[in-house]
Amino acid sequence: DGAVSITFYLVGPTATAVSNPADHIVGTIPSGVSGYVWDARKVAIGYSPEQGLMYADVKPGDYKILAVGTDTLNQNTIWDPTTNTPGNIDLSDALFTVLPAPSVTVVSPNGGDAYKYGNTVTITWEAKSIASKSVNIRLLKAGNVVQTIASNVAQSAESGLFVRSWTIPSTLTVGSDYTIEVSDAANAAVKDTSDGQFKIASNA
């Protein structure tokens, strides 16, 4: 086909090569210095002299890749409206799925709770796309880690709502500035902490 360069586009799941796939373009897949290594999180949607390339987040869902070859005349034609035929293109044979970005959200305790030594605390978190299927749970006081409650806590799936019980030991210092942190066991940067602080008191 005499192609000298190729541009890749992210297109919707219903795109086909028998009708104009340009109608389904979500954005352009940006190329790197050494080629196309795409994180499936952002696509280019435009350009301005002030901002350069403008990007948009890719929403979770099913997609295809459209490859468009530029010919020797430097024409980048996806669809020829005159002949109603495709240009120098290729389209994914099958769909692929973009999953939600990995995240962890502490559901409880999430602030305002009050406990005493010996109380059982139900720690609940929501996980999304945690490939390791395991998390670490830590207790913080005034933002500082004072205890690792549990490490490598197994999840039954990558995403969902999960629970772990914890009994408050009498060795902790009383205070009203405690929070819970839950993090991906394989990537500590994916984490969340209770939105508010909770109280731990003695039995006296």
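Trainee: How far apart are the closest N and O atoms in the salt bridge between glutamate 181 and lysine 191?
Mentor: A salt bridge here is a side-chain nitrogen of Lys or Arg within 4 Å of a carboxyl oxygen of Asp or Glu. Glutamate 181 and lysine 191 form one, and their closest N and O atoms are apart by 4.0 Å.

Trainee: What kind of model is this, and how are its residues numbered?
Mentor: It is a predicted model, where local features need pLDDT of at least 70, side-chain atom pairs count only at pLDDT 80 or more, and totals for chains, interfaces and linings use all residues. Side-chain values use heavy atoms, without hydrogens or water, and along each chain, as its sequence is written, residues are numbered from 1.

Trainee: Which residue is linked with Glu181 and Lys191 in a network of salt bridges?
Mentor: Glutamate 181 pairs with lysine 191 in a salt bridge. The network adds one residue to that pair: Arg138.

Trainee: Is glutamate 181 buried or exposed?
Mentor: Buried means under 20% relative accessible area, exposed means over 50%, and partly exposed is in between, using a 1.4 Å probe and protein chains only. Lysine 191, at 47%, is partly exposed. Glutamate 181 has a relative accessible area of 4%, so it is buried.

Trainee: Which residue forms a salt bridge with lysine 141?
Mentor: The closest N and O atoms of this pair are 3.1 Å apart. Lysine 141 lies in strand β13 and its partner in strand β16, so the bridge ties together parts 36 residues apart in sequence. Lysine 141 is partly exposed at 21%. The partner counts as buried at 18% relative accessibility, and it is aspartate 177.

Trainee: How many residues apart in sequence are the parts tied together by aspartate 57 and lysine 42?
Mentor: These two form a salt bridge with closest N and O atoms 2.4 Å apart. Aspartate 57 lies in strand β4 and lysine 42 in strand β3, so the parts tied together are apart in sequence by 15 residues.

Trainee: Which residue in β4 stands opposite valine 43?
Mentor: Two strands pair if DSSP finds at least two bridges between them. β3 (residues 42-48) and β4 (residues 52-57) pair antiparallel over six bridges. A hairpin of three residues joins them. Opposite valine 43 stands alanine 56.

Trainee: Which strands stand at the edges of the open sheet of three strands?
Mentor: The sheet has the order β10-β12-β15, with antiparallel pairing. An edge strand has a single partner, so one of its sides is left without a neighbour in the sheet; that holds for β10 and β15.

Trainee: Which residue in β12 stands opposite valine 106?
Mentor: Strands of a sheet pair through backbone hydrogen bonds, either parallel or antiparallel. Here β10 and β12 (residues 120-128) run antiparallel, joined by five bridges. Opposite valine 106 stands tryptophan 125.

Trainee: How many strands does the protein chain have?
Mentor: Helices are DSSP runs of H or I with at least four residues, while strands are runs of E with at least two, numbered from the N terminus. The chain comes to zero helices, and its strands number 18.

Trainee: What is the radius of gyration of the protein chain?
Mentor: It is taken over C-alpha atoms, and the globule rule is 2.2 Å times the number of residues to the power 0.38. For 204 residues the rule gives 17 Å. The C-alpha trace spans about 85 × 40 × 25 Å along its principal axes. The chain is more spread out than a compact globule, because its radius of gyration is well over the rule, at 25 Å.
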